[in-house]
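Colleague: Could we take a close look at a single part of this model, namely the aromatic pairs and the surroundings of their rings? Please take me through them residue by residue.

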Amino acid sequence: MAELLLLTAEPGGAARVLPSLTLLGHQVTVAALSPSSIVEHQDVAAVLLDARRDLVSARTLCRVLSGPMQGPPVLLVLAEGGFTAVSSTWGAHDVILETAGPAEIEARLRMMAERSQIGTEDETPEQLEAGDLVIDASAYTARIRGRVLDLTYKEFELLKHLVQHPGRVLTRAQLLQEVWGYDYYGGTRTVDVHIRRLRAKLGAEYDQMIGTVRNVGYRFDPRGRDVVTKAPEGEPAVAE
């Protein structure tokens, strides 16, 4: 499940703009066609921009979102006639017809996320350091004061993602989307299980690097402070 932002002036929200989106399990917030809407919803996975009725306004807003604001990837929702006007200069990451089915919508969202992730990875340093923790992204290894951590692939990806966002509170839904991806349909309990395993492998001296913000998510702090509460006890069987 992804958090999406739909920018539209159409009453009725997604059911009127992109009906098949309502058949998917994503969390969709509807807001006005304005840059200020992005400021209020910066952590969404993607922006769906309603360009069916006013192509000129949509083009202007799209350029702002992909340019000065450097916002989330933008998916333009078009009526069929709109394809003749859209070009790469708009800055949209992809386009879709308002009549698209749920499978196409899901595929385009997934591909946008993958392309954005590739761009992020290209900018990521090969080695990340946070206190005594050193992560080598190219070798898929993590060391704590020289000790190599025996991590599974998902544990490594989760730890790396947390270290890349120090001090930022990441919700379980965000972590599930950004680490496991759009094609994973397990519950957010999966995140809790992997956090528990990571803490165990970090050891008692360093497990508090991963703090829990009660009822919200997790935060990485290399100093190991600001822990609100430990993750819930119990560990059900969860696939990698």
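Modeller: Tyr140 has a relative accessibility of 45% and therefore counts as partly exposed, since that class lies between the 20% limit for buried and the 50% limit for exposed. In this predicted model, a search of the whole structure finds two aromatic pairs. In one of them, Tyr140 and Tyr153 lie 5.9 Å apart, centre to centre, with 35° between the planes, so the pair is tilted, neither under 30 degrees as stacking would need nor over 60 as edge-to-face would. This contact links distant parts of the chain, as Tyr140 sits in the loop between strand S7 (133–136) and strand S8 (141–144), while Tyr153 belongs to helix H5 (residues 153–164), 13 residues apart. Tyr153, at 47% relative accessibility, is likewise partly exposed.

Tyr140 also forms a tilted aromatic pair with Phe156, with 5.1 Å from centre to centre and 50° between the planes. Here again distant parts of the chain are linked, with Tyr140 in the loop between S7 and S8 and Phe156 in helix H5, 16 residues apart. Phe156 has a relative accessible area of 2%, which means that this residue is buried, the limit being under 20%. Taken together, the ring pairs link Tyr140, Tyr153 and Phe156 into a cluster, in which Tyr140 is partly exposed, Tyr153 is partly exposed and Phe156 is buried.

Definitions and conventions. Residues are numbered from 1 along each chain as its sequence is written. This is a predicted model: local features need pLDDT of at least 70, side-chain atom pairs count only at pLDDT 80 or more; totals for chains, interfaces and linings use all residues. Side-chain values use heavy atoms; hydrogens and water are left out. Rings of Phe, Tyr and Trp (its six-membered ring) pair if their centres lie within 6.5 Å; planes under 30 degrees apart count as stacked, over 60 as edge-to-face and the rest as tilted. Helices (H or I, at least four residues) and strands (E, at least two) are DSSP runs, numbered from the N terminus. Buried means under 20% relative accessible area, exposed over 50%, partly exposed in between (1.4 Å probe, protein chains only).
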